[in-house]
Amino acid sequence: MSKIAVIDIGSNSVRMQISEVFGKSYKIVEDYKKILRIGDNVFQKGFFDEKSVDNLVIVLKNLKSLIIGKNVDTVKIVATAAFREANNAFDVVDRVKKEIDFDIEIIPGEKEAFYNYLSATANFQLSKNDAVVVDVGGGSTEICITKKGDLIKSISLEVGCSKLTKLFIKHNPPTIEEILNLKRYINDRLEGLNINSDIDLVISSGGTMYNLSEMYYKEKSKENEAVKYVDRKYLKKMISYMSIHSIDEIKKLAGIEPQRSDIMLAAMIFIDILLEKTRLSGFYTMKAGLRTGLTIDTINKMGIDLPFQNGESVIFSRLIEIGNKFNFEEDHARQVNKLALRLFDLLMERLSLDKNYKNILEASAILHDVGTFISYSGHHKHSYYLIKNSELLGFSPNEIELIANIARYHRRSVPKPTHKPYNDMTYEEKLITQKLAAILRIADGLDRSHNDLIKDIHLTEEDKALYIKPISKSNIYLEIEGANRKKDLLENILGKNVIIK
């Protein structure tokens with residue numbers, strides 16, 4: 001296990017992420033943000049003023065203390081648009097090196113765009129879409145255009161929400177003419193980039209638009225998630241509101257970060273123009289764009305490819321990553337998942353299961369044993385807790401609760417009214433938990449030796465019995481014994497004997 005820290009010195013904020021690397025996965029153990037707006041003076045006068053540099057040095061000194069306290073092995077620091085434009089940028093780099101012994105790399109816009117693309121590949125199944133990945137930063141905007149997962153074009157435009165605000169918004173609130181001039185300017189900069197209705201996914205990273213997504217989720221009383229979808233109707237509503245209200249009034253909006261209240265309008269207009277060009281009804285946001293991409297790139301340079309980079313679906317790969325965080329047996333998890341999904345297909349009609357629950361079962365099967373990270377004794381209960389408190393990409397909070405409960409019942413006790421998490425579910429959720437746990441229990445039993453011996457499963461049925469026949473060329477006595485020990489829940493649901501042999 002090693003620890004890496006990545007620091008992103010942006011025009012608006014300084015962000016740090018510290019991650020522990022476990023084999024083929026990593027876990028974020030520290031996430032820091034400080035809004036400094038160091039780019040404001042650069043975009044007006046062309047250089048960092050003394051106060052901005054002093055504030056940056058103080059923050060970086062504090063981050064070094066955190067890094068030392070966390071026993072970090074590798075530190076990677078990048079700076080973006082403000083450093084690219086400031087005529088005294090290298091003086092600042094030299095001062096940071098002298099006072100803190102930090103090496104800052106000033107990266108070109110195209111490299112910044114690539115890191116955002118890497119982050120998107122970790123959070124979205126891009127192979128199924130033609131997408132635009134956009135980061136409206138303070139001083140620049142990075143755009144990646146992808147086609148079925150392949151990166152077609154990376155562009156860095158020297159326009160960000162802070163710079164656009166300084167250039168066009170002179171009044172508080174802005175005039176209609178200022179808004180129109182801002183829109184024309186953005187449209188002109190996007191001309192010729194081939195962003196049109198062929199695009200079926202717009203993904204926005206960066207703190208300003210993620211803050212907007214937090215406001216949207218707060219208004220809609222939705223559970224907070226690392227990846228959020230924002231409806232264009234809400235975006236247009238907020239553009240209208242911020243176009244006619246003062247900064248002081250905007251600061252009172254629920255969930256807004258006050259330090260972004262003056263620059264959010266420009267960022268929103270940029271995204272709305274993209275949506276207009278693509279004719280999409282909304283966009284997605286990512287919590288950590290550049291930092292995630294930089295973390296992935298740093299891990300890759302350690303000789304490690306993460307699961308989602310090996311051609312498997314992103315959601316499945318992220319489940320494998322979570323399992324690796326808790327040192328699970330990956331081969332066993334994959335085998336149990338294969339058998340569980342086979343049983344799902346065989347039993348779906350008999351159990352009146354909707355095919356959409358198959359991905360719920362898959363997540364439970366992959367993660368059913370993660371509780372052994374805490375203790376083997378009672379690990380099914382620990383699995384519930386770890387799954388419940390993990391960020392599972394592509395699943396809602398209610399679905400995560402369902403996944404955790406199903407995994408909770410993969411061994412020993414079947415669901416009971418005295419179990420509070422189970423009892424707190426709706427009647428329908430309880431039924432789904434019982435049915436999918438019944439499948440998972442048998443699938444887990446059929447890999448009792450953890451040797452991947454079962455290659456397929458056949459199923460036949462008579463009036464009083466259901467026959468499950470595991471297919472193998474090996475001695476599978478332990479597997480059959482293990483499955484028979486866990487068939488009780490399925491028998492109760494079907495109301496007939498289940499014979500496994």
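## Exercises on a predicted model

In strand 9, isoleucine 203 is the bridge partner of valine 133. Keep that pair in view as you start; the model you are working with is predicted.

**Exercise 1.** Find which strands stand at the edges of the open sheet of 6 strands.

*Solution.* Begin with the valine 133 pair: strand 6 (residues 130-136) and strand 9 (residues 201-205) run parallel and are joined by 5 bridges. Next, write down the strand order, which is 8-7-6-9-11-10, with mixed pairing. Now look at the ends of that order: strand 8 (150-157) and strand 10 (227-231) each have a single partner strand, so one side of each lacks a neighbour in the sheet. To finish the picture, add the twist, which averages 20° from one strand to the next.

**Exercise 2.** Decide whether isoleucine 4 is buried or exposed, and list what it touches.

*Solution.* First locate the residue: isoleucine 4 is in strand 1 (residues 2-9). Then take its relative accessibility of 1% and compare it with the cut-off for buried, under 20%. Isoleucine 4 therefore counts as buried. Finally, set aside neighbours within four places in sequence; the contacts of isoleucine 4 include Ile18, Val21, Val72, Ile299 and Met302.

**Exercise 3.** Work out which parts of the chain the salt bridge between arginine 84 and glutamate 142 ties together.

*Solution.* Start with the distance: the closest N and O atoms of arginine 84 and glutamate 142 are 3.5 Å apart, and the cut-off is within 4 Å. Then place both partners. Arginine 84 belongs to helix 3 (residues 81-85) and glutamate 142 to strand 7 (residues 141-147), so the pair links parts that are 58 residues apart in sequence. Last, check accessibility: arginine 84 is partly exposed at 29%, whereas glutamate 142 is buried at 1%.

**Exercise 4.** Trace the salt bridge of arginine 95 and glutamate 99, and find the network they join.

*Solution.* Both residues lie in helix 4 (residues 89-100), 4 residues apart, which is about one turn of the helix. Their side chains meet at 2.8 Å, N to O. Arginine 95 is partly exposed at 26%, and glutamate 99 is partly exposed at 39%. Now widen the view: salt bridges with shared partners join Asp54, Lys61, Arg95 and Glu99 into one network.

**Exercise 5.** Name the residues that make the nonpolar surface patch of about 310 Å², and place phenylalanine 373.

*Solution.* The patch is made by Phe373, Ile374 and Tyr385. Phenylalanine 373 sits in the loop between helix 15 (358-367) and helix 16 (379-388). Its relative accessibility is 38%, so phenylalanine 373 counts as partly exposed.

Note on methods. Residues numbered from 1 in each chain as written. Predicted model: local features only at pLDDT ≥ 70, side-chain atom pairs only at ≥ 80, totals over all residues. Heavy atoms only, no water. Pairing = 2+ DSSP bridges. Helix = DSSP H or I, 4+ residues; strand = E, 2+ residues; numbered from the N terminus. Axes fitted to C-alpha atoms, helices over the stretch in contact; angles between N-to-C directions. Patch = residues over 30% accessible without salt bridge, like charges linked within 9 Å, V, L, I, M, F, W, Y side chains within 5 Å. Areas by Shrake-Rupley, 256 points an atom, 1.4 Å probe, with all protein chains shown as cover. Buried < 20%, exposed > 50% of the residue type's maximum accessible area, 1.4 Å probe, protein only. Contact = heavy atoms within 4.5 Å.
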